[in-house]
Amino acid sequence: MRAEIQNLVAEIEKSLKLLAQRMDIETAPHRLEEFNAMTENPDLWNDPEKAQKLMRDRQALVDALATYDGLKQDLADNAELIELGEMEDDQEVIAEAEDAIRRIREKAAQKELEALLNGEADGNDTFLEINAGAGGTEACDWAQMLQRMYVRWAEAHGYEVDMQSEEAGAEAGIKSVAYKISGQNAYGWLKSESGVHRLVRISPFGKGTRETSFASVWVYPVVDDNIEIEVNPADIRIDTYRSSGAGGQHVNTTDSAVRITHHPTGIVVTSSEKSQHQNRDIAMKALKSRLYQMELDRRNAAINEAHEAKGSAGWGNQIRSYVLQPYQMVKDLRTNVETSDTQGVLDGDLDKFMAATLALDVAGKSRAEAQGE
């Protein structure tokens, strides 16, 4: 076996060892038996939220075991093929097996990163907010482009996407939108997207000039039943109002939209998709999640670096630059990861950026250190 392939095999084995440690491979089968027993409880669905979380946790363990076993078996099979090919001097078999090992290494590296999503709330569902920055119609259009990008990313990864609220732009695009994105590690992956996103392009609105637009993205975890957040009723104001969307697939007209204002922090959350009772519940959960995120920021320096102060959507808080003119380039300003496939990124291909930022956080580097500041 050539030295290059031997090194790849060693890297895959290292990743497998980490995966085994993270899932506690020795006890995993017993935990799966416990999950299976609980799913057979006839009273399980009396509490739908608890039942759904149980089913997600069970599926996450099933997927983790399948991934681990699959990688281990694929590695063994292709290593054996290389040995047989070398014995029979079959270069075609050797080349195919070596290509397979390279693909296994890529997958193992990705799963190793996922295994490092072990922050306090990384496994939770998440809220994602997009707000247009200064710049009027241009900024609102850019916010809508980001909306499409994140929805495509989430759907491609099998996450459930529920719109919580949306405010249309005066002429085009959106001023703001909020989503709840549900699925294993949704917050862990998306948390690195918090910050200001900058777009440079030729204006599509008849000006023919190169324009720079900003939009802010903010991601915070959905608080589950294991995390208790107390909200003093005297600290909040609850308003109901009539809300209407801009038409199309997001048309929304209701007399029961709810806005909650938290006076001590200035946090404002809204929900306008369901009944007044449901909206109140959704908005309160969003408020608790925001408060919890503030506590996470205070306690965890690494998360605080990834979620720098929301600030204004302008130059100071940028995390990523999207240049469509005069050249094609998307560059992350924290990790220096870049690509000329701008359309692919805007279509939701964000994994390379998220993985690089996660690896940076795992290495314990701050944004300033990563940028050499």
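**Entry 1: Leu84**

I began with Leu84 and asked how exposed this residue is in the predicted model. Its relative accessible area is 38%. Buried would need under 20% and exposed over 50%, so I logged Leu84 as partly exposed. Leu84 is found in helix 3. I then looked for nonpolar company on the surface, and Leu84 turned out to form a patch there with Leu81 and Met87. Together the three offer about 310 Å² of accessible area.

**Entry 2: helix 3**

Since Leu84 sits in helix 3, I stayed with that helix. It runs over residues 48-88, which makes 41 residues. From the first C-alpha to the last I get 59 Å, close to the 60 Å expected at 1.5 Å a residue.

Next I wanted to know which residues of helix 3 are buried. Leucines appear several times in the list: Leu54, Leu61, Leu65, Leu71 and Leu75 are among them. The list also includes Thr67, Tyr68 and Asn78, along with Ala51, Ala79, Ile82 and Gly85.

What do these buried residues pack against? I found three partners: helix 1 (3-23), helix 2 (28-39) and helix 4 (91-115). I also checked the backbone just after helix 3, where Asp89 takes a positive phi of about 55 degrees.

**Entry 3: aromatic pairs**

I turned to the rings and counted four aromatic pairs. One of them is Trp153 with Tyr159, a tilted pair with 5.6 Å centre to centre and 35 degrees between the planes. I noted both Trp153 and Tyr159 as buried.

Trp218 and Tyr220 make another tilted pair, at 5.5 Å centre to centre and with 55 degrees between the planes. Edge-to-face would take planes over 60 degrees apart, so 55 degrees leaves this pair as tilted. Trp218 and Tyr220 are buried too. Which cluster do they belong to? I find them joined with Phe127 in one aromatic cluster.

**Entry 4: salt bridges**

My count of salt bridges comes to 20. I picked a few to look at in turn.

The side chains of Asp122 and Lys191 meet at 2.9 Å, N to O. This pair links distant parts of the chain, 69 residues apart. Asp122 lies in the loop between helix 4 and strand 1 (126-132), while Lys191 is in the loop between helix 6 (186-190) and strand 4 (195-202). Buried or exposed, I wondered, for Asp122 and Lys191? I have both down as buried.

For Glu167 and Lys175, the closest N and O atoms of the salt bridge are 3.9 Å apart. A salt bridge needs these atoms within 4 Å, so the pair still counts. Glu167 has a relative accessible area of 40% and is therefore partly exposed. Lys175, at 38%, is partly exposed as well.

Asp349 and Lys352 form a further salt bridge, with 3.3 Å between the closest N and O atoms. I looked up their exposure too: Asp349 is partly exposed at 33% relative accessible area, and Lys352 counts as partly exposed at 32%.

Last, I asked which residues are joined where salt bridges share partners. One such network holds Arg2, Glu4, Glu98, Asp99 and Arg102.

Notes: Residues are numbered from 1 along each chain as its sequence is written. This is a predicted model: local features need pLDDT of at least 70, side-chain atom pairs count only at pLDDT 80 or more; totals for chains, interfaces and linings use all residues. Side-chain values use heavy atoms; hydrogens and water are left out. Helices (H or I, at least four residues) and strands (E, at least two) are DSSP runs, numbered from the N terminus. The expected span of a helix is 1.5 Å times one less than its number of residues. Buried means under 20% relative accessible area, exposed over 50%, partly exposed in between (1.4 Å probe, protein chains only). Contact means heavy atoms within 4.5 Å. Patches are made of residues with over 30% relative accessible area and no salt bridge: like charges are joined within 9 Å, nonpolar side chains (Val, Leu, Ile, Met, Phe, Trp, Tyr) within 5 Å. Accessible areas come from the Shrake-Rupley method with a 1.4 Å probe; for residues, only the protein chains shown count as cover. Rings of Phe, Tyr and Trp (its six-membered ring) pair if their centres lie within 6.5 Å; planes under 30 degrees apart count as stacked, over 60 as edge-to-face and the rest as tilted.
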